Amino acid sequence: MDDVDRLLRYAGQARDWLAFGRQVHGVLDGDIPPHGYVRVEGRPPENLTRLGLEDLPVYHTRKHLLSEHAPREVDADGQVTRSEENLHRHGLSERLLRTVPELLETPALVMNPNPRVLISMLPAVDRYGCPIIAVIDPSAIVYDPRRGSVEANLLKSVYGRLDPQRMVDDNARRGHVIYIDHAKADDLFARTGMACPRSLVRLDGYLSTASLDRRHQEGGSFDLVARLPRGWEAR
């Protein structure tokens, strides 16, 4: 990619990020109905296409924006409770949600635990001190009022992970960590009290490409939350 192509890509990204920010504000403020999708950006982050994600636009549901913004329940000590409500409420600020496209460009870690999902650990924490996780379904068909039905990468959920050490350790042990930026990861680990798994200590950059299911289906290739163990976000 030459300098002109990079400038054109950046200009397109900036336009998409500003448009996404306006949509986030509109949904959270009630000016945009809570049904349907918001377009995050016209092309996926370059690092994720290098890992194997198709060069398709990225979408997110308006309903998830509302649940991601809703405050989590906390106990008397200010700790997030492991309640049923907190499975669907993530307490992310509007400011943080608006920066999600930019954060996706520079993840600390990317994991590929199965062919139907990519999980990015972003270089940011929520108000509870938890690292931000972005879950991406690589094989969705969504409806865009301006474009009709389109093949897309669906950003299924964005949330602060309550048990990040367990998630990273499990994926490292199974060889599912496919990218690590050690500078960002080490900073994130320090901020959240995590430790780098031994198997990743001497690794950096792109470790492998993702194994992804290319079958596109309405609303995503499968219901991610339904397939994962009960309470998966709160553990």
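Where is Pro33 found? Pro33 sits in the loop between α1 and β1. This is a predicted model. Pro33 is partly exposed, with a relative accessible area of 49%. Along the sequence, Pro33 and Arg62 are 29 residues apart, yet in space their C-alpha atoms are 8.0 Å apart.

## Overall build

The protein chain holds eight helices and nine strands. Of its 235 residues, 51% count as buried. Among contacts in the chain with a separation of 6 or more, 66% come from residues 24 or more positions apart.

## Four residues and their long-range partners

The table pairs each residue with a partner distant in sequence.

| Residue | Partner | Apart in sequence | C-alpha to C-alpha |
|---|---|---|---|
| Trp17 | Arg98 | 81 residues | 7.7 Å |
| Pro33 | Arg62 | 29 residues | 8.0 Å |
| Tyr59 | Asp144 | 85 residues | 9.2 Å |
| Ala195 | Asp169 | 26 residues | 9.2 Å |

Trp17 lies in helix α1. Its relative accessible area is 16%. The cut-off for buried is under 20%, so Trp17 is buried. Leaving aside neighbours within four places in sequence, Trp17 is in contact with Glu41, Pro101, Glu102 and Glu105.

Tyr59 belongs to strand β2, residues 58–61. Tyr59 counts as buried, at 2% relative accessibility. What does Tyr59 touch, not counting residues up to four places away in sequence? One group of its contacts includes Tyr37, Val38, Arg39 and Val40. Others among them are Val142, Asp144, Arg147 and Val150. Ala152, Asn153, Leu154 and Leu155 are also touched by Tyr59.

Ala195 is found in the loop between α7 and β8, the latter spanning residues 205–206. Ala195 is partly exposed, with a relative accessible area of 43%. Not counting residues up to four places away in sequence, Ala195 touches Gln165 and Phe189.

## Nonpolar cores

In soluble globular proteins, nonpolar side chains tend to be buried together. Here, the largest nonpolar core has 30 residues. Leu48, Val110, Leu118, Ile132, Ile136 and Leu155 have the most contacts inside it. Which elements each supply at least two residues of this core? The helices are α1 (3–29), α4 (94–98) and α5 (100–104). The strands are β1 (37–41), β4 (117–125), β5 (131–144), β6 (148–160) and β7 (177–180). Helix α1 gives the most, with four residues.

Ile132 shows what surrounds one of these core residues. Not counting residues up to four places away in sequence, Ile132 touches Leu92 and Leu96. Its contacts also include Ser120, Met121, Leu122, Ala124, Val125 and Asp126. Val158, Tyr159 and Gly160 are touched by Ile132 as well.

A second, separate core has 19 residues. Ile119, Ile133, Ala172 and Leu188 are included in this second core.

## Helices α6 and α7

Helix α6 covers residues 164–173. Its buried residues are Pro164, Met167, Val168, Asn171 and Ala172. They cover an arc of only 120 degrees around the axis, so they lie on the same side of α6. These buried residues pack against β3, β4, β5, β6 and β7. Just after α6, Gly175 takes a positive phi of about 75 degrees.

Helix α7 runs over residues 182–192. Which residues of α7 are buried? They are His182, Ala185, Leu188, Phe189 and Thr192. Seen down the axis of α7, the buried residues fall within an arc of 130 degrees, so they line one face of the helix. The face turned away from this buried side carries the exposed residues Ala183 and Ala190. What covers the buried residues of α7 includes β3 (109–114), β4, β5 and β7.

## The cavity

How many cavities of 30 Å³ or more are there? The count comes to one. The largest cavity has a volume of about 30 Å³. Its lining consists of Pro44, Pro45, Leu48, Leu53, Val58, Leu104, Ile136 and Asn153. Seven of the lining residues are nonpolar, one is polar and none is charged. Leu48 and Ile136 line this cavity and are also listed among the residues with the most contacts inside the largest nonpolar core. Asn153, another lining residue, is touched by Tyr59.

Definitions and conventions: Residues are numbered from 1 along each chain as its sequence is written. This is a predicted model: local features need pLDDT of at least 70, side-chain atom pairs count only at pLDDT 80 or more; totals for chains, interfaces and linings use all residues. Side-chain values use heavy atoms; hydrogens and water are left out. On a 1 Å grid over the protein atoms alone, a cavity is a set of points where a 1.4 Å probe fits but cannot get out, and a pocket is an open set with protein on both sides within 12 Å along at least five of seven lines; lining residues have an atom within 4 Å of a point. Grid points are joined across faces, edges and corners, and a volume is the space filled by probe spheres set on the points. Ala, Val, Leu, Ile, Met, Phe, Trp, Tyr, Cys and Pro count as nonpolar, Asp, Glu, Lys and Arg as charged, and the others, Gly among them, as polar. A nonpolar core is a set of buried Ala, Val, Leu, Ile, Met, Phe, Trp, Tyr and Cys residues joined through side-chain atoms within 4.5 Å. Buried means under 20% relative accessible area, exposed over 50%, partly exposed in between (1.4 Å probe, protein chains only). Contact means heavy atoms within 4.5 Å. The arc is that of the directions from the helix axis to the C-beta atoms.
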